[in-house]
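Walk through this model from one polar side chain outward to cores, voids, unusual backbone angles and cysteines. Cut-offs come with each term.

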Amino acid sequence: MDRARAILRSDGAKQAGFLAEQVGKIGRATRQPILFLEGEAHRVRRGATARFFTPRIVATRYRELMIRLSDELVERFRQQKRARLDDLSLELAVAVAGDIVGLTASNPNGLARRLDIFFTGNFDPPRGRFRALVKFLRSQYRVLSFHYRDVVPAIRERKKKRQDDVISHLIDEGYTDREILTECLLYGAAGMATTREFIVMAAWHMLERDELRAAFQQADEAGKIAILEEILRLEPVVGYIFRRMRTDLPAADVRAGNAVAVDVRAANTDETAFGTCPREIMAGRKVSAKYGNAGMSFGDGEHRCPGAQVALHESCLFLDRLLRVPGLKLERAPDLAWNRLVTSYELRNAVIICS
């Protein structure tokens, strides 16, 4: 755990992986996306957008949105008595992240469908030139579809009237449409795809473990979030965090030029950091503030996920309401696959029913 933290907190470690190839295919923008900035440039850019993720804004504006969306989704499920949990979580994650980013000028169902297609699937390199060309053209079509159907309408709307969201901020900073598209793609991967998967994973655990579900339902909100963090510790959505070292780091035994893959799951099961039985989910686990209940699941250092509190509160509010539905059962466990884009599990076709 300490070695992983040393790498992620090192000034000599450069961000790598996580959509870098896809961003490169869009074209060279005059500004690097915030995800790939380092040092002072990253701190300045991140500081300018920090207001969208503060505890106060999560507790006020976003909380109201999360509650309204969760109530609507759960009530619809109660009326229909059957639903795909991954569809519900996608709808919620896209709506919340879309509001924060500013992707609200297009049909939300269409936005969810386009993002689902873009971030889900096989990211292995195709065999043969023809297949590679077909895959490249299909990828470009998806990017352009997202750009013209979702991003351009949002930009046009906010140029007429600014709103309190990321796209309005980027317009004020002089970003081009292409640069805004790149940032929206990164926020889409980080804020929508990952939260969607975690909600399904957390629900899966609690629907198959009565004692964990009971502990969650009986806890106050802080206790509920602590249980979600404990689940996330063992089931991190991003399995590996990649860095390339620009300088030697003796504390982690890595040298300049090395490409490093930080194994989040391994770090999160370090017994010295998380106590006995670190590979088990234990409600009420006591963890030092040094490591945090979720361990490395949101990353660490200057690139630690700024939307951590958004994701946790969003998941908590939705699952709290869902688990109160009378007769709630998991009719079909989700299919489990691996998403190479974010080194993440991918959960699909999870069917829930109620009486």
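A polar contact is a pair of N or O atoms within 3.5 Å; within protein, one must be able to donate a hydrogen and the other to accept it, and residues adjacent in sequence count only if both atoms are side-chain atoms. The side chains of Ser 106 and Asp 150 make one at 2.6 Å. This is a predicted model: local features need pLDDT of at least 70, side-chain atom pairs count only at pLDDT 80 or more, and totals for chains, interfaces and linings use all residues. Residues are numbered from 1 along each chain as its sequence is written, and side-chain values use heavy atoms, with hydrogens and water left out.

Stay with Ser 106. Its loop runs between helix H5 (85-101) and helix H6 (108-119). Helices (H or I, at least four residues) and strands (E, at least two) are DSSP runs, numbered from the N terminus. Ser 106 counts as buried, at 15% relative accessibility. Buried means under 20% relative accessible area, exposed over 50%, partly exposed in between (1.4 Å probe, protein chains only). Contact means heavy atoms within 4.5 Å. Leaving aside neighbours within four places in sequence, Ser 106 is in contact with Leu 111, Arg 149 and Asp 150.

Next, the nonpolar cores. A nonpolar core is a set of buried Ala, Val, Leu, Ile, Met, Phe, Trp, Tyr and Cys residues joined through side-chain atoms within 4.5 Å. The largest has 80 residues, and Leu 103, Phe 318 and Leu 319 touch the most other members. Helix H9 (residues 177-208) gives the most to this core, 15 residues. Beyond four places in sequence, Phe 318 is in contact with Ser 70, Leu 73, Val 74, Leu 85, Leu 88, Leu 92 and Ile 199. Another core, of 19 residues, lies apart from the largest; Ala 4, Met 245, Val 254 and Val 262 are among its members.

Now the voids. On a 1 Å grid over the protein atoms alone, a cavity is a set of points where a 1.4 Å probe fits but cannot get out, and a pocket is an open set with protein on both sides within 12 Å along at least five of seven lines; lining residues have an atom within 4 Å of a point. Grid points are joined across faces, edges and corners, and a volume is the space filled by probe spheres set on the points. The second largest pocket has a volume of about 500 Å³. Its lining has 24 residues, with Glu 91, Ala 95, Pro 108, Asn 109 and Ala 112 nearest the centre. H5 gives the most to that lining, eight residues.

There are two cavities of 30 Å³ or more. The second largest has a volume of about 50 Å³. H8 supplies the largest share of its lining, three residues.

Then the backbone. Most residues other than glycine have a negative phi. Asp 253, not a glycine, has a positive phi of about 60°. Asp 253 lies in the loop between strand S3 (240-245) and strand S4 (259-263), and counts as exposed at 64% relative accessibility. Cys 277 also has a positive phi, about 50°. Cys 277 is partly exposed, at 39%.

Last, the cysteines. How many disulfides does the structure hold? Zero. A disulfide is a pair of cysteine sulfur atoms within 2.5 Å. The sulfur of Cys 305 is too far for a bond, because the closest cysteine sulfur, in Cys 184, is 16 Å away. For Cys 316 the closest is in Cys 305, 17 Å away, also too far. Cys 316 is buried at 2% relative accessible area, whereas Cys 305 is partly exposed at 25%.
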